[in-house]
Amino acid sequence: MSLKRNILDLRKRKSEVLKGGGEKAIEKQVAMGKLTARERILYILDEGSFHEYDLFVEHVARDFDMENKKLHGDGVIIGTGTIHGAPICIFAQDFTVAGGSLGLMHARKITKIMDHSLKMRVPLIGINDSGGARIQEGVNSLAGYGEIFFRNTLASGVIPQISVILGPCAGGAVYSPALTDFVFVVNNISKMFITGPSVIKTVLGEEISMEALGGAKVHAEITGNAHFYAESELECFDQIKKLMEFLPWNNKQKATRVEPANPKRRKKVENIVPSDPKMPYDIRDIIEAITDKSEFFEIMELFAPNIVIGFGRLNGETVGFVANQPKVLAGVLDCDSSDKAARFIRYCNAFNIPIITLEDLPGYLPGVDQEHAGVIRHGAKILYAYSEATVPRITVIIRKAYGGGYIAMNSRHLRADFVFAWPTAEIAVMGPEGAANIVFRKEIAEAEDPDAMRQIKIDEYKEKFANPYVAAGKGYIDEVIEPEDTRKMLLHALQVSANKSVMGPNKKHGIPPF
Amino acid sequence: MAEKKVEEKQYDTIIVHSAVYKTEYTQKYINRPVWEYPNENHVFSFMPGSIIDVHVKPGEKLKEGDSLLILEAMKMHNNVQMPFDGKIVKIHVKPGQKIPKKHLMIEIKRL
């Protein structure tokens, strides 16, 4: 009889805490077009799989009359569950409770689930929706942030870490997402910045809206802080679930293999690419022509679209694609695209995902803004990332492979495992136009008709050097393949690379150019 | 033929090593900062802020390092100095004025 009473008491206590910040606060949250923290978790995880911990944790603030305030769960929900049957740790800040502000116990709950995810080697998802530090808790809330950042760094490259920004995430709070692998944002809901519009206005006199300063579009398109952009929370959750399909649980495992399938589209790959190397096309059409089910899950679609990165499958296995995009900025490498590709290459390497590189680029983007923005050190990141990667690395040169770009895009010289080239490949120091102007400068200048002579020399150079056979003659590429055989060659190369084992020199860590 | 021309017109171009590539621009590329050769005779504000005091008059001759004005920015009183020996040509700000970043404050001339 008394046991029954205890159970009823537990249920009563639970139902009290589950109210979060109360009806009014929830109404406000809904009016902003947002779901509640608990709804979000339930949507992301498999049905019935969520188990919550630390429900009864209470805050410890004793100043500013805080001791009389009850903050349910201290404004954050933590727990474990599954996505597609795979275990996961998750936390969600609850904006309805004191604006999701981060105090000491709030942070303790987050670090507890982080420690758990690292110990159990399962992925971590963090949903951020918080006004920031709880001012009343002073330095304790700063301590809380620091403890979170440290764990983000510790877990980096060991377990996949995903941040979802579903509300404000301002000041120091932004650095937890920035340290994680993938950041998801939603239009009109996500807001990230170090210094908000009001401070910027009083200190600097610059007037800007929250959305224009640090809205979802800004981070997906301009800053590169966000990797996935969605129009609604539900679309965002579907993106998260999709991403998880491609990832392993941790760095000691491989992503779950699925049933192999042929590409859906049967358009000939050779018909996608224009024969004129100066004409654009969408490289994603090629990727979709070679992946299982023609599926390609693009990452950072809006940021630096002159390079395309993302996951697909070959023979059921997750692979990462890094591909120049001739459709945008002719597919050049620049500061942003180098940064984007390099980080993705390191991600793939950390989580045992083979890297497929599709190459078609004229070189680096010329311009004072690029040079002054540090295209040298940003560009170096790609070289570094490829060179240190020990996962299988396969390159297919589609058309142009000129100069520094050729070296950077996983060339043989950076120890690519396989380098294939289409017969349309042009592997040279630069394109025929530029090369002819330099090599035959004298002949062109002294000719009666310099323009006609230039064209003759361009054609001469094109004939001799703008092809894959000079590089093939040196063994820099392994085979010149027919475009239609691309998928077949990739499947075979992956099969051969399955047990790849290389050892670099022992070191604590390298010093990448970041 | 006419059809093809319409299609080609949609593209922008990028020139790398004398070759002209047909492609699309990104918004960020279109909005990239245009570089200008710096004019040594223009003294700009390096931060937005308020002018606290102006120490010079037009026509005044100054030595390198002499104080031109005090610009308060980020709660600091910054002493803006003469970059070389020269004279004051024109003053564009007055005490109390709030100015944005890269605002032309004083024109000077090397002597």
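# Burial, contacts and strands in two chains

Mentor: Of the 514 residues in chain A, 49% are buried. A residue is buried if 20 or more other C-beta atoms, placed from the backbone, lie within 10 Å of its own, exposed if 12 or fewer, and partly exposed in between. The model is predicted: local features need pLDDT of at least 70, side-chain atom pairs count only at pLDDT 80 or more, and totals for chains, interfaces and linings use all residues. Residues are numbered from 1 along each chain as its sequence is written, while chains are lettered from A and ligands numbered from 1 in the order in which they are written.

Trainee: Why is A:Glu207 called exposed?

Mentor: A:Glu207 has 9 other C-beta atoms within 10 Å, and the limit for exposed is 12 or fewer, so the label follows. A:Glu207 sits in the loop between α7 and α8 (210-214) of chain A. Helices here are DSSP runs of H or I with at least four residues, strands are runs of E with at least two, and both are numbered from the N terminus. From A:Glu207 to A:Arg415 the C-alpha distance is 50 Å, with their positions 208 residues apart in sequence.

Trainee: What makes A:Arg121 partly exposed?

Mentor: The count for A:Arg121 is 16 other C-beta atoms within 10 Å. That lies in between 12 and 20, so A:Arg121 is partly exposed. A:Lys293 also has 16 C-beta neighbours inside 10 Å and is therefore partly exposed.

Trainee: What is noted about the phi of A:Arg121?

Mentor: Phi of A:Arg121 is near 55°, a positive value in a residue other than glycine. Phi of A:Lys293 is near 55° and positive too. Most residues other than glycine have a negative phi. A:Arg121 is in the loop between α4 (104-120) and β4 (124-128) of chain A, and A:Lys293 is in the loop between α11 (283-290) and β10 (296-299) of chain A.

Trainee: How do you know that chain A touches chain B?

Mentor: Two residues are in contact if their C-beta atoms, placed from the backbone, lie within 7 Å. By that test 25 residues of chain A are in contact with 22 residues of chain B. α7 (197-204), α13 (368-372) and α16 (432-439) of chain A each give two or more residues to this side, and α16(A) gives the most, with three. The predictor assigns the complex an ipTM of 0.81 and a pTM of 0.92.

Trainee: What classes do the residues on that side of chain A fall into?

Mentor: There are 15 nonpolar, five polar and five charged residues. Ala, Val, Leu, Ile, Met, Phe, Trp, Tyr, Cys and Pro count as nonpolar, Asp, Glu, Lys and Arg as charged, and the others, Gly among them, as polar.

Trainee: How much confidence does the predictor give chain B?

Mentor: On pLDDT, the predictor's confidence in each residue from 0 to 100, chain B has a mean of 88, and 92% of its residues reach 70 or more. Over residues 1-6 of chain B, pLDDT stays under 50, and the model has zero contacts beyond four places in sequence for them. Where pLDDT is low, the predicted coordinates should not be read in detail.

Trainee: Why is chain B called more spread out than a compact globule?

Mentor: The radius of gyration, taken over C-alpha atoms, is compared with the globule rule, 2.2 Å times the number of residues to the power 0.38. For 111 residues the rule gives 13 Å, and chain B has 23 Å, well over that value, so chain B is more spread out than a compact globule. Its C-alpha trace spans about 70 × 35 × 20 Å along the principal axes. Buried residues make up 18% of chain B, which has two helices and 10 strands.

Trainee: What makes β7 and β9 of chain B edge strands?

Mentor: Two strands pair if DSSP finds at least two bridges between them. The open sheet of four strands has the order β7-β6-β4-β9 (chain B), with antiparallel pairing. β7 (76-81) and β9 (98-99) each have a single partner strand, so one side of each is left without a neighbour in the sheet. Six bridges join β6 (residues 67-73) of chain B to β7(B). B:Glu72 stands opposite B:His77 in β7(B).
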